[in-house]
Amino acid sequence: MFAPTALLVGIYREMVSLDLTDTAEGLILVNAAFNLPICVWILNAYFASIPRELKEAAWLDGTGRLGSLTRVVLPLAMPGVVTALVCTFISAWNEYVVALTVTSSGDRMTLTEAIPGFVTSAHEQWQYLFATSLVAIVPVVVLFVFVERHLVAGLTAGGVRG
């Protein structure tokens with residue numbers, strides 16, 4: 001329920017005590033910890049909207065619990081899964097403050113950390129700044145192109161109760 005920036009000192013102290021500063025694992029752990037609750041919230045609402053009768057019908061047809069999950073429930077829940085994926089990706093991709101705090105060396109720097117480095121008090125490298133910004137935008141645009149159909153259905157799901 002808290003923004004990562006509100007807990008920045010605690011996050012840094014925890015990363016130091018776990019020896020995860022300046023590692024990809026540390027960033028993954030922090031991003032997972034802050035994005036997991038929203039994904040669970042989105043997916044819980046979406047899975048709850050799938051009628052239990054569909055799962056029971058799959059069980060009667062001879063599939064087990066895992067089979068009904070993979071063959072019936074997940075295809076129906078795909079818009080919710082895509083919505084959670086997009087929310088998590090955008091949040092992790094745009095994360096700046098925690099990445100700046102947890103990583104310190106240049107070779108571990110994320111793209112969002114590198115962009116401001118092109119404009120300093122000594123010089124401005126606008127061409128590199130704009131090129132890097134464009135590179136940072138491309139994965140998000142590509143993701144939206146591929147998941148747009150599912151995303152609209154996932155965002156509007158649960159809006160009307162019957």
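## Asp19 in the α1–α2 loop

Asp19 counts as exposed, because its relative accessibility is 63% and the cut-off for that class is over 50%. The model is predicted, and the values given here are computed from it.

Asp19 is placed in the loop between α1 (8–17) and α2 (24–48). The backbone of Asp19 has a positive phi of about 60 degrees, although the residue is not a glycine.

## Asp22 in the loop

The loop between α1 and α2 also holds Asp22. Phi of Asp22 is positive, near 60 degrees, and this residue too is other than glycine.

## Crossing of α3 and α4

Helix α3 spans residues 52–60 and helix α4 residues 65–93; their axes come within 9 Å and cross at roughly 140 degrees. The helices are therefore oblique to each other, because the angle is not over 145 degrees, where roughly antiparallel would begin. The crossing of α3 and α4 is right-handed.

## Residues of the α3–α4 contact

On the α3 side, the contact is made by Leu54, Lys55, Ala58 and Trp59. On the α4 side, Arg65, Ser68, Val72, Val73 and Leu76 take part.

By class, the residues of this contact divide into six nonpolar, one polar and two charged. The nonpolar class includes Leu54, Ala58 and Trp59 of α3 and Val72, Val73 and Leu76 of α4. Ser68 of α4 is polar, while Lys55 of α3 and Arg65 of α4 are charged.

How values were computed: Residues are numbered from 1 along each chain as its sequence is written. This is a predicted model: local features need pLDDT of at least 70, side-chain atom pairs count only at pLDDT 80 or more; totals for chains, interfaces and linings use all residues. Side-chain values use heavy atoms; hydrogens and water are left out. Axes are lines fitted to C-alpha atoms, for helices over the stretch in contact, and angles run from 0 to 180 degrees between N-to-C directions. Helices (H or I, at least four residues) and strands (E, at least two) are DSSP runs, numbered from the N terminus. Angles under 35 degrees count as roughly parallel, over 145 as roughly antiparallel, 65 to 115 as roughly perpendicular and the rest as oblique. A crossing is left-handed if the near helix is turned anticlockwise from the far one by less than a right angle, and right-handed if clockwise. Contact means heavy atoms within 4.5 Å. Buried means under 20% relative accessible area, exposed over 50%, partly exposed in between (1.4 Å probe, protein chains only).
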